[in-house]
Amino acid sequence: MEDRLHGSRPIANTTPEGEGVASSGDTFFCEVMLPVPLANYFTYRVPRDLQGEIQKGQRVIVPFGDRKILTGIVMSVHTTPPKAYEAKYVLEVLDPYPVVSDQQLKLFTWMASYYLCTQGEVMNAALPAGLKLSSESMVQLYPDFDPDESDLPFSEKELLLLTHLRNAPMSYSAISELLGIKNIYSIIKSLVAKEAILLFEEIKEKYKPKTEKRVRLAKEFTDNEALQQLFESLAPKPKQEAVLLKYLQLVPVMHDRSANRQGAPRKELLSEGVSASSLETLIRNGIFEEFQVTVSRIGTAEEANPPQVQLSSEQKEAQAGILKAFSEHAVTLLRGITGSGKTEIYVSLIRQALEGGSQVLYMLPEIALTTQIVRRLQKIFGNSMGVYHSRFSDAERVEVWKGIQNGTFRFIVGVRSSVLLPFDNLGLIIVDEEHDPSYKQQDPAPRYHARDAAIMLGQIHHAKVLLGSATPSLESTFQAQRGKYAFVRLDKRFGEARLPEVIIADMARERKAKTVKGEILQLLVKRFFGTLGEGQQGNHFQNRRGYSPMMMCEVCHWVPKCINCAVSLTYHSYRNALVCHYCGYRETAPSTCPTCSSARLKTVGYGTEKLEEELKVYFPEAHIQRMDLDTTRTRKSHETILEDFERGDTHILVGTQMVTKGLDFDKVGMVGIFNADRMMHFPDFRSYERAFQLITQVSGRAGRREVPGRVVIQTSNPEHTLLQLVLRHDVDGFYNYELAERSKNHYPPFTRLVEITVKHSDRKVCHACAGHLFEMLRQHLSGVWIMGPAEPVVARIRNQYLMTILVKIPRGYAGLQDVKANIQECVATILKEKDYRNTRVVIDVDPV
């Protein structure tokens with residue numbers, strides 16, 4: 001099989017294993033998509049023994065370059081050999097059936113074309129790591145497997161490998177060297193089938209089904225008479241009798257003999273002091289038998305079968321409008337104010353779609369939002385619902401992937417990447433909080449927007465797409481105004497709840513009156529005192545984590561900077577560290593200034609950590625928790641914090657935008673917004689839109705039941721147009737105001753943007769390359785606006801200097817694809833120049 005790796009023999013020759021090819025007429029080739037950033041497919045030769053089983057959508061193992069082994073996806077099978085090179089052989093077919101559907105492949109193709117990346121990059125993002133095999137994979141002995149005690153036949157090379165694996169796991173390259181052969185995949189496949197070995201990544205665990213040890217009564221003891229006799233025989237042996245009694249508590253054998261077939265988990269049987277050695281004795285004596293079953297890592301939910309959701313008259317009207325819109329439009333935008341009960345409408349629509357036999361995808365922007373909503377949905381949909389997000393292990397993500405394919409999961413709740421799952425009968429896609437920037441992938445490619453990808457996925461499946469938000473994006477609102485999307489409104493909160501009272505706290509006035517201590521205004525403190533006194537809870541929003549944005553010497557004004565990026569380091573008090581939030585660099589905070597040796601170091605500005613500390617001074621009796629990236633790094637941390645808040649154990653929850661995202665709690669009576677000015681005046685054309693959305697969303701956490709809520713916004717500019725619109729809850733007024741500004745300055749939704757970022761470790765090379773690329777784009781593009789090149793706000797990240805060029809393309813421009821193709825061609829051309837070969841150019845379509 002060595003020739004399959006190298007493809008070095010003439011086509012008409014015979015392989016060493018006798019896989020002859022009589023003529024090129026009966027030789028088959030396949031086009032394979034590989035997870036590499038190269039635009040084309042790669043042609044491989046199909047060995048004769050695989051010709052009957054290879055088909056589009058299957059995973060195959062193929063050689064790539066001299067040493068790499070990659071997992072690819074078969075795109076087509078044909079009989080035309082490549083003209084430019086001699087095709088290497090496909091080494092192995094990994095699946096008996098396609099694991100990637102035709103619909104997925106269509107989406108991959110569209111994403112690569114629209115977002116100016118390669119299909120291989122899309123494939124790499126789509127496939128869980130557990131479905132990808134590479135030459136970096138490791139092999140270990142199966143737990144409890146002993147070759148000397150096995151009755152299975154093993155070849156000489158298999159035994160040699162098993163002997164060495166007793167000492168330690170081995171890499172594929174080490175195995176190849178040990179056995180003296182280059183193609184080890186047939187041996188690996190044979191040993192996996194015999195359950196002698198496990199495969200895993202050096203860094204990440206490789207997928208294997210999760211098994212559970214279970215115990216059941218031997219068949220002859222399952223009738224009542226035999227059980228009675230068994231109890232009599234075990235009477236002198238109380239520990240063994242205790243095992244039997246515990247088993248009968250767990251498994252109702254006396255009432256239902258068939259229940260014995262599934263038995264009881266061994267771990268559960270041995271709880272509460274039941275003797276393990278007594279169980280082993282009963283197994284040896286043939287009274288119990290032990291077996292293994294494959295179980296899901298996802299966990300199970302009891303089918304609650306709750307009553308149908310009772311919709312209010314306003315919700316019924318909105319749902320009727322959505323159903324009517326579905327008959328006329330592929331995409332519908334639902335704008336429902338915070339607390340209006342959009343989720344109940346979603347549940348009703350999901351039920352209808354599932355009852356019609358379709359699959360459903362319900363997308364949420366972030367993991368923080370999934371925790372609460374998943375619990376609610378599992379009570380309704382039970383085990384037919386799967387959850388997909390990045391906090392899952394690779395193995396869990398593979399199980400969701402396979403569960404969709406085998407029909408276990410017909411309803412998926414997922415974050416951005418769930419749009420890439422292998423649906424084959426999708427009927428409804430719901431994109432909740434569709435305005436959220438978390439739907440946009442930043443790095444690495446594909447830099448796709450999951451909302452827009454979901455709309456394309458809906459077109460591919462002929463599915464209906466519902467976009468929902470209290471503050472829809474300007475792009476979606478614009479499309480609804482043009483009539484491209486249907487538009488449905490829900491303007492009343494559910495039940496007796498009313499929109500919260502919004503209060504503007506004037507920082508300039510309080511400072512002048514000298515009533516402010518630190519940065520928290522007395523008005524806000526008084527309102528929090530009132531809220532806690534009423535038995536209510538509070539949220540305090542500050543969109544900056546850490547203790548302080550920077551540390552500074554009061555004598556010489558020294559400020560610690562990141563060694564890799566052009567930013568100051570953020571001070572984190574709880575670990576006494578200075579941290580860069582761009583590259584992760586950290587150092588211990590100094591006790592004296594390294595420039596002038598002064599001990600007068602002070603922190604400047606407020607992060608969530610400092611805000612939490614200061615609130616604890618004002619409210620020493622209250623339990624205050626913080627929810628930001630620093631406190632939610634572990635898998636269950638989101639859930640724990642939110643459960644504490646839901647139970648009422650936490651009185652004030654301080655957090656970044658995580659606390660703005662769709663959370664629904666009964667007793668939140670007060671929301672504080674710290675420093676709205678920073679959000680509004682961030683140097684980005686979307687800053688007003690983001691600020692309006694964030695303030696409205698976090699305000700919506702207050703007063704979601706009968707007790708009215710209050711919102712206090714700290715600002716130095718209380719008369720600002722945006723804040724006055726928030727004060728009036730005037731969503732339409734804000735959109736009209738912002739759309740007029742965007743139209744005047746040629747920004748989305750009136751144009752499409754392509755942002756090109758040039759990166760290099762040498763500032764002069766970076767600037768020169770950006771300048772040459774700008775001139776090249778000016779010569780090749782017409783009918784568009786080209787801005788730049790310019791340094792971004794942070795001009796150096798991870799020791800790479802940055803320059804950006806922005807291309808504005810009028811919406812509806814007929815030559816859109818030509819513009820994109822020309823951009824790619826210009827980038828490819830400039831990177832071939834000798835001076836710029838080490839330069840990196842990143843193309844981001846529709847940046848957010």
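Trainee: At what angle do the axes of helix H4 (residues 156-165) and helix H5 (residues 172-179) cross?

Mentor: Remember that this is a predicted model. The two axes cross at roughly 125 degrees and come within 10 Å.

Trainee: How do I put that angle into a word?

Mentor: Use the cut-offs: 65 to 115 degrees is roughly perpendicular, over 145 is roughly antiparallel, and what lies between those ranges is oblique. H4 and H5 are therefore oblique to each other. The crossing of H4 past H5 is right-handed.

Trainee: Which residues of H4 and H5 meet?

Mentor: From H4 come Lys157, Leu160, Leu161 and His164. They meet Ile175, Leu178 and Leu179 of H5. By class, that contact has 5 nonpolar residues, 1 polar and 1 charged.

Trainee: Now another helix pair. How do helix H11 (residues 313-326) and helix H12 (residues 342-355) pack?

Mentor: Their axes are 10 Å apart, at an angle of about 45 degrees. H11 and H12 are therefore oblique to each other. Their crossing is right-handed. H11 brings Gln315, Ala318, Gln319, Ile322 and Leu323 to the contact, while H12 brings Glu344, Ile345, Ser348, Leu349 and Gln352. The classes here are 5 nonpolar, 4 polar and 1 charged.

Trainee: On to strands. What general rule should I hold in mind?

Mentor: In a regular strand, side chains alternate between the two faces of the sheet. Now look at a sheet in this model. Three strands, in the order S22-S23-S24, form an open sheet with antiparallel pairing.

Trainee: Which strands stand at the edges of that sheet?

Mentor: Strand S22 (570-572) and strand S24 (586-588) do. Each has a single partner strand, so one side of each is left without a neighbour in the sheet. From one strand to the next, the twist averages 30 degrees.

Trainee: How many bridges join strand S23 (residues 577-579) and S24?

Mentor: There are 3 bridges, in the antiparallel sense. For one position to look at, take leucine 578: it stands opposite glutamate 587 in S24.

Trainee: Is strand S6 (residues 137-141) buried or exposed?

Mentor: Buried means under 20% relative accessible area. In S6, 4 of the 5 residues are buried, so the strand is largely enclosed by the rest of the structure. S6 pairs with strand S7 (residues 170-171) over 2 bridges, in the antiparallel sense. There, valine 139 has methionine 170 of S7 as its bridge partner.

Trainee: What backbone values should catch my eye?

Mentor: Most residues other than glycine have a negative phi, and most peptide bonds are trans. Look for departures from both.

Trainee: Phi first. What is the phi of glutamate 433?

Mentor: Near 50 degrees, a positive value in a residue other than glycine. Glutamate 433 sits in the loop between S16 and H15. Its relative accessibility is 8%, so glutamate 433 counts as buried.

Trainee: And where does asparagine 576 lie?

Mentor: In the loop between S22 and S23. Asparagine 576 is not a glycine, yet its phi is positive, about 45 degrees. At 35% relative accessibility, asparagine 576 counts as partly exposed.

Trainee: Which peptide bond leading to proline 444 is cis?

Mentor: The one from aspartate 443, with omega near -5 degrees. Proline 444 is placed in the loop between strand S16 (426-432) and helix H15 (450-461). Now go to proline 789. The bond from glycine 788 to proline 789 is cis, with omega near -10 degrees. Proline 789 is found in strand S31 (residues 785-790).

Methods
Residues are numbered from 1 along each chain as its sequence is written. This is a predicted model: local features need pLDDT of at least 70, side-chain atom pairs count only at pLDDT 80 or more; totals for chains, interfaces and linings use all residues. Side-chain values use heavy atoms; hydrogens and water are left out. Axes are lines fitted to C-alpha atoms, for helices over the stretch in contact, and angles run from 0 to 180 degrees between N-to-C directions. Angles under 35 degrees count as roughly parallel, over 145 as roughly antiparallel, 65 to 115 as roughly perpendicular and the rest as oblique. A crossing is left-handed if the near helix is turned anticlockwise from the far one by less than a right angle, and right-handed if clockwise. Contact means heavy atoms within 4.5 Å. Ala, Val, Leu, Ile, Met, Phe, Trp, Tyr, Cys and Pro count as nonpolar, Asp, Glu, Lys and Arg as charged, and the others, Gly among them, as polar. Buried means under 20% relative accessible area, exposed over 50%, partly exposed in between (1.4 Å probe, protein chains only). Two strands pair if DSSP finds at least two bridges between them.
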